[in-house]
Every structure is written in C-alpha cells, then in structure tokens.
Amino acid sequence: LALFAAQRQRKPQKAPPPPPPMQSHAKLQLPEFPEYPTPLPKRVLVTGAAGGVGQHIVRMLKAHDVPVIVGLDLRSSPDTEGVLHVQGSVTDASLVADLIAEHSIEAVVSSVMPDLRTAPAPAYQASNVDGV
C-alpha cells in the first residue's frame, strides 16, 4: 500500500520526443563507389533489381554512368527507368545465360533476397544457392 501511495505522488514525466521522420528511398543520399584500380564494368546484370537493395544498386550504377544495366526480377519496379527490366527468375538458367550473351554482360550483381518471414526455406535455397 505504501508503494502504491508513493507511485501516485510521483510527478508525470515528459514523453520522449517523437523519432525523426523516415526519408523516402528517393531522397536518400547515395554513397560514392570507392576508387578501384580498374574502371567499373560497362554492362551489368542486377538480379533482384526491383527489391530495396537492388534498386539502390541500380541507382548507384546509373549515377556512375554505367551504360548498360539489365535488371532481372520476378516483379517490375517503377524505379528502374532507363534500365532494361526483364521479369523472370534467377533460377531460370537459360534466361540468365541468354541475357548475359545477348547484352554482353561483364558483371552480375546478385541482390536476390526472398522474404524470410514468409518464404519457405526451399525458396531461399533456390534463389541464393541454386540460382545462377
């Protein structure tokens, strides 16, 4: 009872300030590529290009004037403007091989990430281990 009375006599404390508003992806400041001894490739295939990480990779490549960027993803993305976007799966070996040959791809960046909260383990295995 004494503890209850002491708690009632405490002065109310100020609420903590609200967190700062989140920035949209379009307003984020993109980091610079570090200096490399060789130039960046000029023809790049980005798998998972419609996802959050893939979109950032595509933006950084565009910012550094990579002339040919092919984005491969199961879904389309409004953020891949100026990028040849192909809807398909990284697990489709013939599609990936055709894209590499058709566009003379010099580098592949994989950012495929199934949602681990909802995707079953075989989906993760297929896209990150078995995928091309």
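Where in the chain is the place of Asp-65? Point 6 has the answer, and the points before it should help you find your way there.

1. **What you are looking at.** This is a predicted model. The protein chain has four helices and four strands. Starting at the N terminus, the elements follow each other as α-β-α-β-β-α-β-α. You may like to trace that order by eye before going on.

2. **The chain in numbers.** The protein chain has 132 residues, and 28% of them count as buried. Its accessible surface is about 9,600 Å², with 59% belonging to carbon and sulfur atoms. Take the contacts between residues at least 6 apart in sequence: 55% of these join residues at least 24 apart.

3. **The sheet.** The four strands form an open sheet in the order S3-S2-S1-S4, and their pairing is parallel. Strand S3 (84-87) and strand S4 (107-110) stand at the edges; each has a single partner strand, so one side of each is left without a neighbour in the sheet. On average, neighbouring strands of this sheet are turned by 20 degrees against each other, direction ignored. Strand S2 (residues 68-73) and S3 run parallel and are joined by four bridges. In one pairing to look for, Asp-73 has Gln-87 in S3 as its bridge partner.

4. **Helices across the sheet.** Two helices deserve a look here. Helix H2 (residues 52-63) lies across strand S1 (43-47), S2 and S4, and runs at about 165 degrees to S1. Helix H3 (residues 93-102) lies across S1, S2, S3 and S4, running at about 170 degrees to S2.

5. **Gln-87, in an edge strand.** Gln-87 sits in strand S3, one of the strands at the edges of the sheet. Is Gln-87 buried or exposed? Its relative accessibility is 52%, so Gln-87 counts as exposed; the cut-off for exposed is over 50%. Setting aside neighbours within four places in sequence, Gln-87 is in contact with Asp-73, Leu-74, Arg-75 and Ser-76. The side chain of Gln-87 reaches the backbone oxygen of Leu-74 at 3.1 Å. Arg-75 is twelve residues from Gln-87 in sequence, while their C-alpha atoms are 6.0 Å apart in space.

6. **Asp-65, back to the opening question.** Asp-65 has its place in the loop between H2 and S2. With 61% relative accessibility, Asp-65 counts as exposed. The backbone is worth checking too: phi of Asp-65 is near 55 degrees, a positive value in a residue other than glycine. Most residues other than glycine have a negative phi.

7. **His-103 and Ser-104, side by side in a loop.** Both His-103 and Ser-104 lie in the loop between H3 and S4. Which residues does His-103 touch, not counting those up to four places away in sequence? They are Arg-43, Val-70 and Leu-84. His-103 has 14% relative accessibility and therefore counts as buried, since buried means under 20%. Ser-104, at 44% relative accessibility, counts as partly exposed. Ser-104 also has a positive phi, of about 50 degrees, although it is not a glycine.

8. **Where to look again.** For a second pass, try the S2 and S3 pair with its four bridges, then the bridge from Asp-73 to Gln-87. After that, compare the loop that holds Asp-65 with the loop that holds Ser-104. Asp-65 has a positive phi, and so does Ser-104.

Technical notes. Residues are numbered from 1 along each chain as its sequence is written. This is a predicted model: local features need pLDDT of at least 70, side-chain atom pairs count only at pLDDT 80 or more; totals for chains, interfaces and linings use all residues. Side-chain values use heavy atoms; hydrogens and water are left out. Buried means under 20% relative accessible area, exposed over 50%, partly exposed in between (1.4 Å probe, protein chains only). Contact means heavy atoms within 4.5 Å. Accessible areas come from the Shrake-Rupley method with a 1.4 Å probe; for residues, only the protein chains shown count as cover. Two strands pair if DSSP finds at least two bridges between them. Axes are lines fitted to C-alpha atoms, for helices over the stretch in contact, and angles run from 0 to 180 degrees between N-to-C directions. A polar contact is a pair of N or O atoms within 3.5 Å; within protein, one must be able to donate a hydrogen and the other to accept it, and residues adjacent in sequence count only if both atoms are side-chain atoms.
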